[in-house]
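Here are a few warm-up exercises to work through with the coordinates open. Try each task before you read its solution.

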Amino acid sequence: MFLEVIRPGNLQVLRGEDARVEVAGKTLPWSFVEIFYDSSESEQRMRPVRADANGDFAGLIPLGERVNVLEIVSSDSSSDQKVRLFLQVTYDPKPLALTVRISEPTNGANVHDAVITVSGTTLPDARVVLNGIIPAPADGAGRWQADILLQVGRNEIVAVASNGDDEAETTITVTYRP
């Protein structure tokens with residue numbers, strides 16, 4: 001018997017309005033999987049799921065605020081063997097504050113190329129626009145990048161991130177000297 005949980009990660013912090021997490025992983029094909037949880041949001045304390053022919057399984061589990069301990073147990077009907085894993089997941093209903101950061105180039109940098117790559121971080125999947133016209137959407141980890149054409153001399157680069165009604169802005173300057 002084996003059991004691997006792919007998501008969520010142990011000690012992961014989940015935020016936002018959805019107080020649920022999908023527990024997904026792999027075990028032996030057609031195994032029975034029980035996901036035990038303690039949530040004040042639900043009377044039920046165990047979600048049974050069945051692994052498919054490839055051994056993949058997934059179940060949506062309600063979370064309570066703060067720390068949640070999940071116990072995942074896989075068993076095979078052909079034997080008495082069981083495999084057990086524990087995960088700790090923290091749920092905070094308050095979303096992170098939207099910020100945007102430019103990591104490259106650094107503020108005040110002197111560059112010698114007319115086209116540079118500007119990169120940075122924000123919240124996952126936020127919309128980022130440089131100088132009001134260049135899209136640089138963030139990926140699932142909050143990383144973004146875009147190429148920008150500079151004029152000779154001092155250039156101001158403004159990054160604006162938006163996520164629904166929230167907006168954050170940061171500005172740097174770089175000097176282009178061919």
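**Exercise 1.** What volume does the largest pocket have? Then sort its lining by residue class.

*Solution.* Keep in mind that this is a predicted model. Step one: the largest pocket comes out at about 270 Å³. Step two: list the lining, which includes Arg15, Gly16, Pro95, Leu96, Asp125 and Asn163. Step three: sort the lining residues, and you get 6 nonpolar, 2 polar and 3 charged.

**Exercise 2.** Which residue forms a salt bridge with Asp92, and which strands hold the pair?

*Solution.* Start with the cut-off: a side-chain nitrogen of Lys or Arg has to be within 4 Å of a carboxyl oxygen of Asp or Glu. For Asp92 the partner is Arg15, with the closest N and O atoms 3.0 Å apart. Next, place the two ends: Asp92 belongs to strand E8 (residues 82–92) and Arg15 to strand E2 (residues 13–15), so the bridge links distant parts of the chain, 77 residues apart. Arg15 also turns up in the lining of the largest pocket.

**Exercise 3.** Is Glu71 buried or exposed? Compare its salt-bridge partner.

*Solution.* Buried means under 20% relative accessible area. Glu71 has 17%, so it's buried. Its partner is Arg84, at 2.4 Å between the closest N and O atoms. Arg84 sits in strand E8 and Glu71 in strand E7, 13 residues apart. With a relative accessible area of 46%, Arg84 is partly exposed.

**Exercise 4.** Which residues form a nonpolar patch on the surface?

*Solution.* Val67, Val69 and Phe86 do, sharing about 290 Å² of accessible area. Val69 lies in strand E7 (residues 66–75) and is partly exposed at 48%.

Terms used. Residues numbered from 1 in each chain as written. Predicted model: local features only at pLDDT ≥ 70, side-chain atom pairs only at ≥ 80, totals over all residues. Heavy atoms only, no water. Patch = residues over 30% accessible without salt bridge, like charges linked within 9 Å, V, L, I, M, F, W, Y side chains within 5 Å. Areas by Shrake-Rupley, 256 points an atom, 1.4 Å probe, with all protein chains shown as cover. Helix = DSSP H or I, 4+ residues; strand = E, 2+ residues; numbered from the N terminus. Buried < 20%, exposed > 50% of the residue type's maximum accessible area, 1.4 Å probe, protein only. 1 Å grid on protein atoms, 1.4 Å probe; cavity = no way out; pocket = protein on both sides within 12 Å on 5 of 7 lines; lining within 4 Å. Points joined across faces, edges and corners; volume = space filled by probe spheres on them. Nonpolar A, V, L, I, M, F, W, Y, C, P; charged D, E, K, R; others polar.
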